[in-house]
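Trainee: Could we go through this structure together, one question at a time?

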Amino acid sequence: MSLLEVRNLQKSFGGVRAVNNVSFSLAPGELLALIGPNGAGKSTTFNMVNGQLKADGGSIRFNGTELIGLKPREIWRLGVGRTFQIAETFSSLTVIENVQMTLLSQDKKMFSFWRAAADYKRDEALSLLAQVGMAEQAERPCRVLAYGDVKRVELAVAMANRPKLLLMDEPTAGMAPRERNELMALTKKLVVEHGTAVLFTEHSMDVVFAYADRMIVLARGQLIAEGKPMEVRGHPKVQEVYFGS
Ligand code: ADP
Ligand code: MG
């Protein structure tokens with residue numbers, strides 16, 4: 001049985017058909033890569049699954065529940081996690097909660113309360129940080145961390161909700177090849193241990209070939225190929241959009 005079942009997904013912006021009749025499915029525990037050149041519709045597809053964008057048509061079923069029309073927070077509660085850039089980690093809070101968090105952390109009278117909250121599920125948090133190799137840096141402020149380490153923390157934050165499906169939009173963007181491989185190897189190890197399925201978008205074919213179980217290729221909003229990385233590589237349409245031959 002599929003964990004995620006996407007059927008005839010549609011989204012237009014003005015006259016641009018960003019996603020045009022796209023269908024695919026994802027099995028529990030599977031690592032599925034969504035690839036394609038710039039503007040292919042990867043992020044648009046992705047943002048319809050996480051609820052940030054509302055589809056114009058089609059359906060997105062997760063564990064049998066229709067996601068279209070649900071709010072991002074509701075989708076998150078069903079077990080669809082996503083990596084956030086660390087600066088956005090509080091984005092699941094409301095506007096006022098964000099301000100309150102800041103006030104609370106500065107209020108001297110509330111400081112003991114804040115310290116108590118700091119012990120909340122500490123062992124569980126440390127265990128997750130150990131799994132991404134960041135336990136020793138647990139007390140450091142995120143802003144002083146190396147870029148690759150921030151990415152590890154983002155992964156731990158995303159896994160803290162124990163998602164059944166983890167969504168990652170270009171997780172290795174801005175990273176050097178070696179860092180990319182480290183992050184993807186770590187992600188794969190972690191999700192395999194937790195039995196978490198992953199849908200990720202990626203620019204680099206190399207990363208996809210090394211880590212995805214299966215891939216789907218989008219070009220100008222349409223799905224042009226799907227299968228195991230080795231099968232898809234030789235596909236004429238993929239050669240055309242990717243390698244211009
Ligand atoms: P990718 O992530 O594969 O690079 P996107 O999904 O971001 O592609 O974009 C697909 C198409 O939709 C592009 O033509 C892009 O310009 C257009 N598009 C994406 N988001 C918006 C938006 N918010 N408003 C208008 N056009 C958009
Ligand atoms: Mg994108």
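Trainee: Which residue of β10 is the bridge partner of Met215?

Mentor: Happy to start there! This is a predicted model, where local features need pLDDT of at least 70, side-chain atom pairs count only at pLDDT 80 or more, and totals for chains, interfaces and linings use all residues. Residues are numbered from 1 along each chain as its sequence is written, with chains lettered from A and ligands numbered from 1 in the order in which they are written. Strands β9 (214-219) and β10 run antiparallel, joined by 5 bridges, and the β10 partner of Met215 is Gly227.

Trainee: Which strands are the edges of the open sheet of 6 strands?

Mentor: Two strands pair if DSSP finds at least two bridges between them, strands being DSSP E runs of at least two residues and helices H or I runs of at least four, numbered from the N terminus. The order is β6-β7-β8-β3-β9-β10, with mixed pairing. Pairing on one side only marks the edge strands, β6 (80-82) and β10 (222-227).

Trainee: Does the length of helix α6 agree or disagree with its expected span, and why?

Mentor: The expected span is 1.5 Å times one less than the number of residues. For the 13 residues of α6 (147-159) that gives 18 Å, and because the end C-alpha atoms are 19 Å apart, the two agree.

Trainee: Which helix supplies the largest share of the shell around ligand 1?

Mentor: A residue is near a molecule if its C-beta atom, placed from the backbone, lies within 6 Å of it. Both β2 (16-26) and α1 (42-49) supply at least two shell residues. The largest share, 3 residues, comes from α1.
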